[in-house]
Amino acid sequence: MKGFIGKYIRKDIGLKHPSGGEHSNQTRIIVVGSLLACFTTILQSAGMFGGIGFLISALSTLPILLGTFLSYRMGSLSYISAFLLILFIQPSEFFVYPFTTGLLGISMGFSIRFFKKGIFATLFSGLTLTLGILIILYIIRFPVLGPTISTKIDVNTILIILIFSTVYSWVWLKLSFFVIKRVNWLWRK
């Protein structure tokens, strides 16, 4: 499995910007990053509809992941811009986005580019998501997991969150490979 993720890195799969250069210019980073932030905000705000909206809301990780995969600067721009948009459009998601879906997108995009093995990317992203949820739950004391989960520190809850976050990150890793292949196909056309 050595180098499993390496073939998906931009330089290895030939992901080049339409201008023909390996690196995009500042304007392209700003424009694409802003579009990704808008998509993220729309997807994250879907949670207000409940039910299917929560599933749609979970997809807000994808634009941030793609932005970070293409460029660390673009991912950071998208993450911060989406955070500010969510603050004004859907304030109830103010605590949820930066520590869960947004953080997972940044950490997964980073780990796909930085680590060369899928297991390390999954573990890093799972640990990052766990820490984000624990910060919301135990430091901010916001009941992100619903009213049935106490905001008092419980080892069993922490272990369940860690296991869930790791499995969730693994699913996102597989989904991100699928999407990255499609983006690569579109980028080459």
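## Reading a helical chain, feature by feature

Modeller: Let's start in the interior: the largest nonpolar core has 24 residues, and Leu66, Met108, Ile112, Trp172 and Leu173 are those with the most contacts inside it. Please keep in mind that this is a predicted model.

Biologist: Happy to. Which helices each supply at least two residues of this core?

Modeller: They are α2 (26–45), α4 (61–70), α7, α8 and α9. The largest share, seven residues, comes from α9. Leu66 makes a good example: leaving out residues up to four places away in sequence, Leu66 touches Val179, Ile180 and Val183. Apart from this core lies another, of six residues, with Ala37, Tyr79, Ala82 and Tyr97 among them.

Biologist: Let me step back to the whole chain. How many helices and how many strands does the secondary structure come to?

Modeller: The chain has nine helices and zero strands. Read from the N terminus, the elements run α-α-α-α-α-α-α-α-α.

Biologist: And what share of the 189 residues is buried?

Modeller: Buried residues make up 44% of the 189. On the outside, the chain exposes about 10,200 Å², and carbon and sulfur atoms supply 74% of that area. For contacts along the sequence, take those with a separation of 6 or more: residues 24 or more positions apart account for 68% of them.

Biologist: Let's try single residues. Is Ser78 buried or exposed?

Modeller: Here a cut-off helps: buried means under 20% relative accessible area. Ser78 has 0% relative accessibility, so Ser78 counts as buried. Its place is in helix α5, which spans residues 72–89. Not counting residues up to four places away in sequence, Ser78 touches Gly33, Leu36, Ala37, Ile64 and Tyr97. Ser78 and Ile29 are 49 residues apart in sequence, with their C-alpha atoms 9.6 Å apart in space.

Biologist: Now a glycine. Where is Gly102 placed, and which residues is Gly102 in contact with, leaving aside its neighbours within four places in sequence?

Modeller: Gly102 sits in helix α7, residues 101–114. Its contacts, with those neighbours set aside, are Ile64, Tyr79 and Tyr97. Gly102 counts as buried because its relative accessibility is 0%. You can also compare sequence with space for a second glycine: Gly75 is 27 residues from Gly102 along the chain, and their C-alpha atoms are separated by 9.8 Å.

Biologist: What about a residue in a loop, such as Thr100?

Modeller: Thr100 is found in the loop between α6 (96–99) and α7. At 11% relative accessibility, Thr100 counts as buried. Setting aside neighbours within four places in sequence, Thr100 is in contact with Leu129, Ile133 and Ile136.

Biologist: Arg141 also lies in a loop. What is notable about its phi?

Modeller: Arg141 has a positive phi of about 65°, although Arg141 is not a glycine. The loop in question runs between α8 (118–139) and α9 (155–188). Arg141 counts as partly exposed, because its relative accessibility is 48%.

Biologist: Next, aromatic rings. How is a pair of aromatic rings described?

Modeller: By the distance of the centres and the angle of the planes. A search of the whole structure finds eleven aromatic pairs. In one of them, Phe94 and Phe95 have ring centres 5.1 Å apart and planes at 65°, so this pair is edge-to-face. Phe94 counts as partly exposed at 29% relative accessibility, and Phe95 counts as partly exposed at 30%. Another pair is Phe115 and Phe124, with centres 5.5 Å apart and planes at 55°, so this one is tilted. Phe124 is partly exposed, with a relative accessible area of 30%.

Biologist: Which residues do ring pairs link into a cluster?

Modeller: The cluster consists of Tyr72, Phe110, Phe114, Phe115, Phe120 and Phe124.

Biologist: One last feature: which residues form a nonpolar patch on the surface?

Modeller: Ile80, Leu84, Leu85, Leu87, Phe88 and Ile89 form the patch, and together they have about 580 Å² of accessible area. Take Leu85 as the example: Leu85 lies in helix α5 and counts as partly exposed at 32% relative accessibility.

Definitions and conventions. Residues are numbered from 1 along each chain as its sequence is written. This is a predicted model: local features need pLDDT of at least 70, side-chain atom pairs count only at pLDDT 80 or more; totals for chains, interfaces and linings use all residues. Side-chain values use heavy atoms; hydrogens and water are left out. Helices (H or I, at least four residues) and strands (E, at least two) are DSSP runs, numbered from the N terminus. Buried means under 20% relative accessible area, exposed over 50%, partly exposed in between (1.4 Å probe, protein chains only). Contact means heavy atoms within 4.5 Å. Patches are made of residues with over 30% relative accessible area and no salt bridge: like charges are joined within 9 Å, nonpolar side chains (Val, Leu, Ile, Met, Phe, Trp, Tyr) within 5 Å. Accessible areas come from the Shrake-Rupley method with a 1.4 Å probe; for residues, only the protein chains shown count as cover. A salt bridge is a side-chain nitrogen of Lys or Arg within 4 Å of a carboxyl oxygen of Asp or Glu. A nonpolar core is a set of buried Ala, Val, Leu, Ile, Met, Phe, Trp, Tyr and Cys residues joined through side-chain atoms within 4.5 Å. Rings of Phe, Tyr and Trp (its six-membered ring) pair if their centres lie within 6.5 Å; planes under 30 degrees apart count as stacked, over 60 as edge-to-face and the rest as tilted.
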